[in-house]
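Hello,

Here is the structure I promised to pass on to you. Please open it first, and then read my notes beneath it.

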Amino acid sequence: MIRLQDVKFETAKSDILPESRHALDVVGEVLSKWPQLKIEVGGHCDSRGSDAYNLALSDRRVKSVRTYLLSAQPEAPGFADDRSWATANRSLWSNTSPENMAQNRRVEFTS
């Protein structure tokens with residue numbers, strides 16, 4: 001799995017922030033070099049909002065990433081905070097501070 005912490009979204013939005021483009025461009029280059037590579041793009045949210053809201057938001061974020069990576073056409077499920085990286089790694093992160101919630105707003109690629 002590849003976890004990109006450099007893919008940033010504004011809170012409660014699915015627009016990819018400009019500073020995220022470089023990380024996604026690198027992924028796009030890999031997909032261009034190996035077009036047979038099949039990946040899944042998973043989107044995640046922090047713990048604010050209901051599960052239903054977060055699931056819909058993460059799905060919109062994945063679609064934004066997928067649109068950006070036009071040539072890849074990966075499968076793209078979204079996740080609410082049930083796969084919270086900060087929660088799963090409690091020794092390192094807490095899902096209660098703004099900084100650590102930002103850790104949970106991420107995109108992961110798996111093959």
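Below are my notes on the fold, the confidence, the core and two residues.

First, some ground rules: this is a predicted model, in which local features need pLDDT of at least 70 and side-chain atom pairs count only at pLDDT 80 or more, while totals for chains, interfaces and linings use all residues. Residues are numbered from 1 along each chain as its sequence is written, and side-chain values use heavy atoms, with hydrogens and water left out.

The protein has four helices and three strands, arranged β-α-β-α-α-α-β from the N terminus. Both kinds of element are DSSP runs numbered from the N terminus: helices are H or I with at least four residues, strands E with at least two. Of the contacts (heavy atoms within 4.5 Å) with a separation of 6 or more, 63% join residues 24 or more positions apart. The accessible surface (Shrake-Rupley, 1.4 Å probe; for residues, only the protein chains shown count as cover) is about 6,400 Å², and carbon and sulfur atoms hold 54% of that.

On confidence, pLDDT is the predictor's own score for each residue, from 0 to 100. Its mean here is 76, with 73% of residues at 70 or more. Helix α2 has the highest mean, 92, and helix α3 (residues 85-88) the lowest, 48. Please also treat residues 71-77 with care: pLDDT stays under 50 there, although the model has 19 contacts for them beyond four places in sequence.

Now to the inside. Of the 111 residues, 42% are buried (under 20% relative accessible area, with exposed over 50% and partly exposed in between; 1.4 Å probe, protein chains only). The largest nonpolar core (buried Ala, Val, Leu, Ile, Met, Phe, Trp, Tyr and Cys joined through side-chain atoms within 4.5 Å) has 13 residues, and Phe9, Leu24 and Val65 are among those with the most contacts inside it. Helices α1 and α2 each supply at least two residues of this core, and α1 gives the most, with three.

Two polar residues are also worth a look. Ser14, in the loop between β1 (2-4) and α1 (21-33), is buried because its relative accessible area is 16%. Leaving aside residues up to four places away in sequence, Ser14 touches Phe9, Leu57, Arg60, Arg61 and Ser64. Asn54 sits in helix α2 (residues 51-68) and is buried too, at 1% relative accessibility. A polar atom of the Asn54 side chain lies 3.3 Å from the backbone oxygen of Asp46.

Best wishes

Conventions. Polar contact = N/O pair within 3.5 Å; in protein donor to acceptor, adjacent residues only side chain to side chain.
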